[in-house]
Amino acid sequence: MKNSLKVERAKKDMTQQELAKQIGVSRQTINSIEAGKYVPSTVLALKIARCFDVAVESIFELEEND
């Protein structure tokens, strides 16, 4: 799964720690999502999208192989 989480954070000038605190996860979780090592749950993906006031699909995208 590809994601543009790092780009969305940059638009808001937000650190991984700030985002993590806002949605109730660890900074390491945000780092793992951005690195593509962890696929967030539906609930977590929705929380992230809500935080940036965008649709989930604008942040997370399935790759051809997914």
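Helices here are DSSP runs of H or I with at least four residues, numbered from the N terminus. With that settled, I noted that helix 4 is followed by Asp-53, which has a positive phi near 55 degrees. The model is a predicted one, and I read every entry below with that in mind.

**Entry 1. Overall layout**

I went through the secondary structure and found five helices and two strands in the chain. Starting at the N terminus, I read the order of elements as β-α-α-α-α-α-β.

I then looked up the dimensions. The C-alpha trace spans about 30 × 20 × 20 Å along its principal axes. I compared the radius of gyration with the value for a compact globule: 66 residues would give a value near 11 Å, and the chain has 11 Å, so the two agree.

For the contacts with a separation of 6 or more, I noted that 52% join residues 24 or more positions apart. I put the buried share at 30% of the 66 residues. The exposed area of the chain is about 4600 Å², and carbon and sulfur atoms supply 47% of it.

**Entry 2. Helix 4**

Which residues of helix 4 are buried? I listed Leu-44, Ala-45, Ile-48, Ala-49, Cys-51 and Phe-52. They lie on the same side of helix 4, because their arc around the axis is only 155 degrees. On the face turned away from that buried side I found the exposed residues Thr-42, Val-43 and Arg-50.

I next checked what the buried residues of helix 4 pack against. The partners are helix 1, helix 2 (16-23), helix 3, helix 5 (56-59) and strand 2 (60-61).

**Entry 3. Helix 3**

I repeated the lookup for helix 3, where Ile-30, Ile-33 and Glu-34 are buried. Their arc around the axis is only 95 degrees, so these residues sit on the same side of helix 3. The buried residues of helix 3 pack against strand 1 (2-3), helix 1, helix 2, helix 4 and strand 2.

After helix 3 I came to Gly-36, whose phi is positive, near 80 degrees.

**Entry 4. Glu-8**

I found Glu-8 in helix 1 (residues 5-11). Is Glu-8 buried or exposed? Its relative accessible area is 9%, so I recorded Glu-8 as buried, the cut-off being under 20%. Leaving out residues up to four places away in sequence, I saw that Glu-8 touches Phe-52, Val-54 and Ile-59. Of these contacts, Phe-52 is also among the buried residues of helix 4.

**Entry 5. Gln-22**

I located Gln-22 in helix 2. Its relative accessibility is 51%, and Gln-22 therefore counts as exposed, for which the cut-off is over 50%.

What does Gln-22 touch, not counting residues up to four places away in sequence? I found Met-14 and Cys-51. Cys-51 also appears among the buried residues of helix 4.

I took one distance from this residue as well. From C-alpha to C-alpha, Gln-22 and Ala-55 are 18 Å apart in space, and 33 residues separate them in sequence.

**Entry 6. A nonpolar patch**

Last, I looked at the surface. Met-1, Val-39 and Leu-62 make a nonpolar patch of about 270 Å². I placed Val-39 in the loop between helix 3 (27-34) and helix 4 (42-52).

Terms used. Residues are numbered from 1 along each chain as its sequence is written. This is a predicted model: local features need pLDDT of at least 70, side-chain atom pairs count only at pLDDT 80 or more; totals for chains, interfaces and linings use all residues. Side-chain values use heavy atoms; hydrogens and water are left out. Patches are made of residues with over 30% relative accessible area and no salt bridge: like charges are joined within 9 Å, nonpolar side chains (Val, Leu, Ile, Met, Phe, Trp, Tyr) within 5 Å. Accessible areas come from the Shrake-Rupley method with a 1.4 Å probe; for residues, only the protein chains shown count as cover. A salt bridge is a side-chain nitrogen of Lys or Arg within 4 Å of a carboxyl oxygen of Asp or Glu. Buried means under 20% relative accessible area, exposed over 50%, partly exposed in between (1.4 Å probe, protein chains only). Contact means heavy atoms within 4.5 Å. The radius of gyration is taken over C-alpha atoms; the globule rule is 2.2 Å times the number of residues to the power 0.38. The arc is that of the directions from the helix axis to the C-beta atoms.
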